[in-house]
Amino acid sequence: EKDGYPHFMIKEIHEQPAAITRTITPRIQDDLPDFSGDQIPDTLFDGAENVTIIACGTAMYAGMVGAEFIQNRLKMPVTVSIASEFRYSQPVIDEKSLVIVVSQSGETIDTFEALKLAKQYTDRTLSIVNVKESSIARESHYVVYTHAGPEIAVASTKAYTVQVAMMYLLGFKLGLMNGRLSEAEAKEKVQALKTVPAHMEEVLQYEKRVKELTSRMVNAQDAFYIGRGLDYRVAMEGALKLKEISYIHAEAYAAGELKHGTISLIEEGVPVIAIANQQKVYEKMISNIREVKARNAFVILISKDKAIDDPTICNVHLSIPDVPDDLTVFETAVICQLIGYYTSVGKGLDPDQPRNLAKSVTVE
Ligand code: F6R
């Protein structure tokens, strides 16, 4: 039941720190990733030369976060495929390919069929699934279960963040097995990952502030989520959260792409959620934000900076706890979920039951 919360979605948003702890704890041994309890042999990772991640919707966006890590930190080739595209494409994978399939329900038909196709090419298929004994869990060679618990709200929240946490742990393991991460590096990353639930709790304290600022969102026709690198991946999930439950047209843009077309859509008062958590591109990102601000967008900035009072950058600044850049995705996701939720509620909609959407998509 809802435990006193008005909707399942907000209850599930609050359940995330505990869900992450439940998911990662059994896979950590002496601060190193350990999947022996999931019966995953080291040979699955050992010798894998490239990675293909297949999923739909939010699960695919979780996969994209994993892909950023695998490519940028492990320097391994990685592809993320939309399941409904992969299954009708010519897969370029072989027995050296590790295929990771991500699905909360384990029943999404396109993801299931894509998995079956991938199995024709490789024996290294691993699914990240939340529902025990679901079709995808049974069909893949190996499965790691996320422990989000039942997710009732149609819009995925806790299932996403536990998928992301699992992607990171698997990434650490893959890096270790392929000599791309040292034991000391892996330990440091695992230790940082263990602090995520506490940082998410901190961000959940922003709920009232986020609720207030969504009064600026409820009348919007459009909204833009911008970021670079990992921030762009989480921007996609943020935009999806807003559109599916508030029915506001929202788009995620790689911030550097704005000036190649989309900036023409920025006019006075348009909400822009700008995410600037990646040190490597921070200055570039701030200059992109100034460009939209100069066109009088209503800019909500999410960044690790302590305080930004510069009116040429943003209208509202949500400062998140300082964690390694890779891990900011969890904190940013919480804020984006709250923006989506309170915008929906502010419009008098039922965030748990958005129109036209079903929790599990078993039609093609
Ligand atoms: C969005 C959402 C969907 C699902 C997608 C895949 O909030 O929930 O985009 O992520 O339908 O579902 P699963 O993960 O069950 O395969």
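# Exercises on a predicted protein model

The protein carries 38 positive and 49 negative side chains, and the centres of these two sets lie 2 Å apart. The structure is a predicted model, and the exercises below move from the whole protein to single residues.

## Exercise 1: the whole protein

Work out how compact the protein is for its length, starting from its elements and its radius of gyration.

Solution. Begin with the elements, of which the protein has 13 helices and 12 strands. The radius of gyration is 20 Å, close to the 21 Å that the globule rule gives for 364 residues, so the protein is as compact as a globular protein of that length. Next, consider the box filled by the C-alpha atoms, which is roughly 55 × 40 × 40 Å along the principal axes. Then turn to burial and contacts: 59% of the 364 residues count as buried, and among contacts with a separation of 6 or more, residues 24 or more positions apart account for 74%. Finally, look at the surface, where the protein exposes about 14800 Å², with carbon and sulfur atoms supplying 48% of that area.

## Exercise 2: one face of a helix

Determine how the buried residues of helix H2 are arranged around its axis, and name the elements they pack against.

Solution. First list the buried residues of H2, which spans residues 16–24: they are Gln16, Pro17, Ala19, Ile20, Thr23 and Ile24. Seen down the axis of H2, these buried residues fall within an arc of 160°, so they line one face of the helix. A general point helps in reading such a pattern: an α-helix has 3.6 residues a turn, so residues three or four places apart point the same way. As the last step, find the partners of this face, for the buried residues of H2 pack against helices H1 (8–14), H7 (158–177), H8 (183–194), H9 (196–204) and H13 (328–346), and also against strand S1 (28–29).

## Exercise 3: three buried residues

For Val51, Ser81 and Ser140, decide from the relative accessibility whether each is buried or exposed, and then find its contacts beyond four places in sequence.

Solution. Start with Val51, which sits in strand S3 (residues 50–55). Its relative accessibility is 1%, and because buried means under 20%, Val51 counts as buried. Val51 touches Ile70, Met76, Pro77, Val78, Thr79, Leu98, Ile100 and Leu174, when residues up to four places away are not counted.

Continue with Ser81, located in strand S4 (residues 78–82). Ser81 has a relative accessibility of 14% and is therefore buried. With neighbours within four places set aside, Ser81 is in contact with Ile53, Ile54, Ala55, Met60 and Phe86.

End with Ser140, which belongs to the loop between helix H6 (135–139) and strand S7 (142–145). A relative accessible area of 7% makes Ser140 buried as well. Leaving out neighbours within four places, Ser140 contacts Leu115, Thr125 and Ser127. Ser140 and Arg124 are 16 residues apart in sequence, while their C-alpha atoms are 8.6 Å apart in space.

## Exercise 4: positive phi angles

Compare the surroundings of Asp3 and Asp31, given that Asp3 has a positive phi and that Asp31 has one too.

Solution. Recall first that most residues other than glycine have a negative phi. Asp3 has a phi of about 50° although it is not a glycine, and Asp31, also not a glycine, has a phi of about 60°. Then place them: Asp3 lies in the segment before H1, whereas Asp31 is found in the loop between S1 and strand S2 (32–33). Lastly, compare their accessibility, for Asp3 counts as exposed at 61%, while Asp31 is buried, with a relative accessible area of 17%.

Notes
Residues are numbered from 1 along each chain as its sequence is written. This is a predicted model: local features need pLDDT of at least 70, side-chain atom pairs count only at pLDDT 80 or more; totals for chains, interfaces and linings use all residues. Side-chain values use heavy atoms; hydrogens and water are left out. Buried means under 20% relative accessible area, exposed over 50%, partly exposed in between (1.4 Å probe, protein chains only). Helices (H or I, at least four residues) and strands (E, at least two) are DSSP runs, numbered from the N terminus. The arc is that of the directions from the helix axis to the C-beta atoms. Contact means heavy atoms within 4.5 Å. The radius of gyration is taken over C-alpha atoms; the globule rule is 2.2 Å times the number of residues to the power 0.38. Accessible areas come from the Shrake-Rupley method with a 1.4 Å probe; for residues, only the protein chains shown count as cover. Lys and Arg count as positive and Asp and Glu as negative; His and the chain ends are not counted. The place of a charge is taken as NZ of Lys, CZ of Arg, CG of Asp or CD of Glu.
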